[in-house]
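The exercises below are meant to be worked through with the sequence and the coordinates side by side. Each task is followed by a solution that proceeds step by step.

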Amino acid sequence: MAAAIGAVAIPNPLGKLILAEAKYRGYLAYTTDEAVTLAYTRCTTCHPADKMLKYCSRCGPPFIVVTHAMKKYTELMIQKGGQFKPYSDAEAVAIAQAWNGLVGNWEPDWGSKDVHKLLQGDQALIRLAETPVTERPIESALKNKQAPGSHKEDRKTTP
Ligand code: HEC
């Protein structure tokens, strides 16, 4: 932590790189803007953003589960020799909140037991699933926003 704070004084672009790495590793929190940028950049290496923008509650499980599945799929592709950067826990937690905030969160429709099971032991995302939306900083900051091209679904989230 001390090292990460010290890094702020290092001139760019090295300082920027170190800060990005500290955030990737979860030592420093992603801001809401950074989470949105991450969501759009990190999730569009295999398919366009439309996949997320057109995704909906009838389409399948909530974004927290999709994020877990895409993280696992990316790891599999890396094992098979694909040139991808694996998602860190901090990124996955930020990205899931960004899509929830921008396109919709229908975790309540699925129930915590189902979501928990679908997260297959992914501790970081399980912790997020157990965190009320009002206490998820990125997602709550985006609650009145909507991604252009999406049809946001606002669910009454259970506290
Ligand atoms: C390594 C490649 C890869 C990355 C990176 C990736 N995806 Fe995917 N994604 C796929 C594939 C493959 C499919 C399924 C095939 C298809 O529908 O085209 C898919 C499908 C989807 C779908 C549609 C699922 C459905 O049931 O219709 C969504 C939503 C989605 N991805 C979201 C994401 C999100 C969010 C991220 C970032 C966390 C992400 N993807 C990153 C490969 C990837």
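**Exercise 1. Determine which helix gives the most residues to the shell around the ligand, and describe the make-up of that shell.**

Solution. Helix 5 makes the largest contribution to the shell around the ligand, supplying six residues. The model is a predicted one, and in it the ligand has 19 residues around it, of which Cys43, Cys46, Tyr55, Gly60 and Met70 come nearest. Two or more residues of the shell are given by each of helix 4 (50-53), helix 5 (63-79) and helix 6 (89-102). Sorting the shell by residue class then yields twelve nonpolar, five polar and two charged residues.

**Exercise 2. Describe the secondary structure of the chain and decide how its radius of gyration stands against the globule rule.**

Solution. The first step is to count the elements, which gives nine helices and zero strands. The next step is to compare sizes: the radius of gyration is 16 Å, and because this is close to the 15 Å that the globule rule gives for 159 residues, the chain is as compact as a globular protein of that length. The C-alpha trace spans about 45 × 40 × 30 Å along its principal axes. As for contacts with a separation of 6 or more, 77% of them join residues that are 24 or more positions apart, while buried residues make up 30% of the 159 residues.

**Exercise 3. Locate the two domains and state what each gives to the contact between them.**

Solution. The chain is divided into domain 1, residues 1-30, and domain 2, residues 31-141. Their centres, taken over C-alpha atoms, are separated by 23 Å. Five residues from domain 1 and ten residues from domain 2 take part in the contact. On the side of domain 1 that touches domain 2, the residues divide into two nonpolar, one polar and two charged.

**Exercise 4. Find which helices supply the largest nonpolar core, and follow one of its residues outward.**

Solution. In soluble globular proteins, nonpolar side chains tend to be buried together. Here the largest nonpolar core has 32 residues, and those with the most contacts inside it are Ala35, Ala94, Ile95, Ala96, Ala98 and Trp99. At least two residues of this core come from each of helix 3 (32-42), helix 5, helix 6 and helix 8 (123-129), and the largest share, nine residues, comes from helix 6. Taking Ala35 as the example, and not counting residues up to four places away in sequence, one finds that Ala35 touches Tyr30, Ala94, Ile95, Gln97, Ala98 and Ile138.

**Exercise 5. Classify Asp89 and Gln120 as buried, partly exposed or exposed, and describe the setting of each.**

Solution. Asp89 lies in helix 6 and has 17 other C-beta atoms within 10 Å; because the partly exposed class falls between the limits of 12 or fewer and 20 or more, Asp89 is partly exposed. Leaving aside neighbours within four places in sequence, Asp89 is in contact with Gly26 and Ala124. Asp89 and Ala124 are 35 residues apart in sequence, yet their C-alpha atoms are 5.9 Å apart in space.

Gln120 is found in the loop between helix 7 (107-118) and helix 8. With 12 C-beta neighbours inside 10 Å, Gln120 counts as exposed. Its backbone deserves a separate step: phi of Gln120 is near 45°, a positive value in a residue other than glycine. Most residues other than glycine have a negative phi.

Technical notes: Residues numbered from 1 in each chain as written. Predicted model: local features only at pLDDT ≥ 70, side-chain atom pairs only at ≥ 80, totals over all residues. Helix = DSSP H or I, 4+ residues; strand = E, 2+ residues; numbered from the N terminus. Rg over C-alpha atoms; globule rule 2.2 N^0.38 Å. Contact = placed C-beta atoms within 7 Å. Near = placed C-beta within 6 Å. Nonpolar A, V, L, I, M, F, W, Y, C, P; charged D, E, K, R; others polar. Domains from an automatic or database assignment. Core = buried A, V, L, I, M, F, W, Y, C linked by C-beta atoms within 7 Å.
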